[in-house]
Amino acid sequence: MSARLTPILYAVLLVLAVCVPLLGVYPVFVMQLLCFAMFACAYNLLLGFSGMLSFGHAAFLGSAAYATCWLVTAQHWGTVPAILAGVAVSAILGTIIGAIAIRRRGIYFAMITLALSQIVYFVCLEAKFTGGENGIQGVPRGSVLGIVPLQSDIAMYYFVLAVFVLVFLFIYRIIHSPFGQVLKAIRDNEPRATSLGYDIGRHKLVAFILSAAIAGLAGSLKGLVLGFATLSDVQQSTSGLVILMPLIGGTGTFFGPVIGAGVIITLQQYLSDRVGGWVTVIIGAIFVACVMAFRRGVVGELIALVGRKTKTS
Amino acid sequence: MTTIFGYPLIVILSQLMLGLVNGSFYAMLSLGVAVIFGLMGVVNFAHGAFYMLGAFGALLGLQWFGIGYWPSLILSPLIVGTIGIVLERLLLRHLYKLDPLYGLLVTFGLALVAEGSLQNYFGSSGQSYPVPSILTGTWNLGFMILPIYRAWVILASVVVSFTTWYVIERTRLGATLRAATQNAPLLQAFGINVPRMVVLTFGGGVALAALAGVLAAPVIQVSPLMGQSLVIVVFAVVVIGGMGSILGSVLGGLGLGVIEGFTKVLYPEASNIVVFVIMAIVLVVRPAGLFGKE
């Protein structure tokens, strides 16, 4: 996309997002979409910009969701401290899992993150405070520092939207910082980045922790929006979904994960009423189709198209 | 009554037995994953789904056509192996030149399709499959009671695993296979049809998973999701044994099954995660895995 057009496009999207409650769209649906979009952006920071395919990102989404929901429900914490605590939990978890997983690369990295996230799943299944199969339910939304109550969907929506925009800008900042440039260098050619004197391990670990923390933030918000945290948040199928989102939208593109999240969440909502259990099959088929024929994703294809046009003209 | 660490010996022995049975399945499945990865560079996420299809092949064969256990032991792996071959020709072969992660993602999608479809037809609840009549009953060994079928499972999988190991490591066919993993274009230049070898290897690995599924059918509940979490344990086993090392995956599978069995006695809450914890420790100490070379 040309450099002049992009800011205009984002401005239009932002105006649209602000107007959503006026357009009569169900706000909880859009909030859920935003949470997954944030999750997908966090994931893309790892997959798209650092070249690490984690197959266990649900562990971070879920652990933060559980932590925040438990703190708000059982410990009566305020909303904002509980969200921060959730982010801290997923960041710590990210440090541990990341430190082990970055010892290997590529396919091994994927399998290791998958296996380690399975530990988190079983802990959530068997620990006392997580409520086992039922999860934590009836989570109150509370208020922002005692000032803005979040009970109404509209208030919650603007809160989630504000956090989302901040996170989006934060990721943009990371990608375009010297740190982000080094990450891309590692992705494209690790031996060369090493020989230039960069500490590969440390850069990868920091990227992993950042991604885990933002995924956790998405999980905490999602728990508060829906009022529950359940096992599906930590399940491997969720880890699979968050790989699919950037893949559909375009890995390594900036807005791709948001589009991917939009497509998947809308499909899930729309289809589960109509085809019931076939949603899993359809998601699986999309997975296969994307990898076989559509590896650049929506935004990736658009960029390629525009690039071709500007070259020929 | 004899006790060890305050646990009755009989409890420990029977958990050890169960652990060996589980370990047999781990061994057969991780063997297939290791062979497929070694030759094709594809980490087959659908391996658990193929295992499930093998068990369903036996179950539906019995329910719909009255096909018994023994013919199923051959038929079901043949059918599932053929499905594997078709999928390799249609999808996987286009991905060999790309990053191996794409193979993982495609097989993940295939697993979702297979598990989701069967879940829609048969529901998530498990169905039981009868133990074949010759193998029903138990042997009283004096110190413990051994169900005959479980002994058969362990025996069968050990024989199958070590035969596979022997074929790959000690025969001329195996030498050709290993040569293909090292330098496929050169082997092709010698006049060997490498793509055919690849497709047959994939079919073989998949058939092995289905065979494990048929063996498992009488001891577990046959359900569409039976392979879903198993495949993750199998991945961990392969990482522990050392990716691509066949002996590592066989010994690792059996050993981890036993360790899991002991954990069930000593600290049941941890039995689901012990394999993953061991994997983490192995990675810290020896990143290439116990039997891996790197």
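Hi everyone, let's start where the two chains meet: 31 residues of chain A are in contact with 33 residues of chain B. Keep in mind that this is a predicted model.

Which parts of chain A do the touching? The elements giving two or more residues to that side are α5, residues 106-126, α10, residues 236-249, and α12, all of chain A. The biggest giver is α5(A), which puts 13 residues into the side of chain A that touches chain B. If we sort that side of chain A by class, we get 21 nonpolar, 7 polar and 3 charged residues.

Now, how far does the predictor trust its own work? The model scores ipTM 0.86 and pTM 0.89. For chain B, the mean pLDDT is 88, and 98% of the residues in chain B reach 70 or more.

Let's go back to α12, since we just met it at the side that touches chain B. Inside chain A, helix α12, residues 278-293, packs with helix α11, residues 256-275. Their axes are 9 Å apart, and the angle is about 135°. What do we call that arrangement? Angles over 145 degrees would count as roughly antiparallel, and 65 to 115 as roughly perpendicular, so α11(A) and α12(A) are oblique to each other.

You can find the contact yourselves in the structure. From α11(A), look for A:Gln268, A:Leu271, A:Ser272 and A:Val275. They meet A:Trp278, A:Val279 and A:Ile282 in α12(A). And what classes of residue are these? The contact of α11(A) with α12(A) has 5 nonpolar residues, 2 polar ones and no charged ones.

That's my tour, thanks for listening!

How values were computed. Residues are numbered from 1 along each chain as its sequence is written. Chains are lettered from A and ligands numbered from 1 in the order in which they are written. This is a predicted model: local features need pLDDT of at least 70, side-chain atom pairs count only at pLDDT 80 or more; totals for chains, interfaces and linings use all residues. pLDDT is the predictor's confidence in each residue, from 0 to 100. Axes are lines fitted to C-alpha atoms, for helices over the stretch in contact, and angles run from 0 to 180 degrees between N-to-C directions. Helices (H or I, at least four residues) and strands (E, at least two) are DSSP runs, numbered from the N terminus. Angles under 35 degrees count as roughly parallel, over 145 as roughly antiparallel, 65 to 115 as roughly perpendicular and the rest as oblique. Two residues are in contact if their C-beta atoms, placed from the backbone, lie within 7 Å. Ala, Val, Leu, Ile, Met, Phe, Trp, Tyr, Cys and Pro count as nonpolar, Asp, Glu, Lys and Arg as charged, and the others, Gly among them, as polar.
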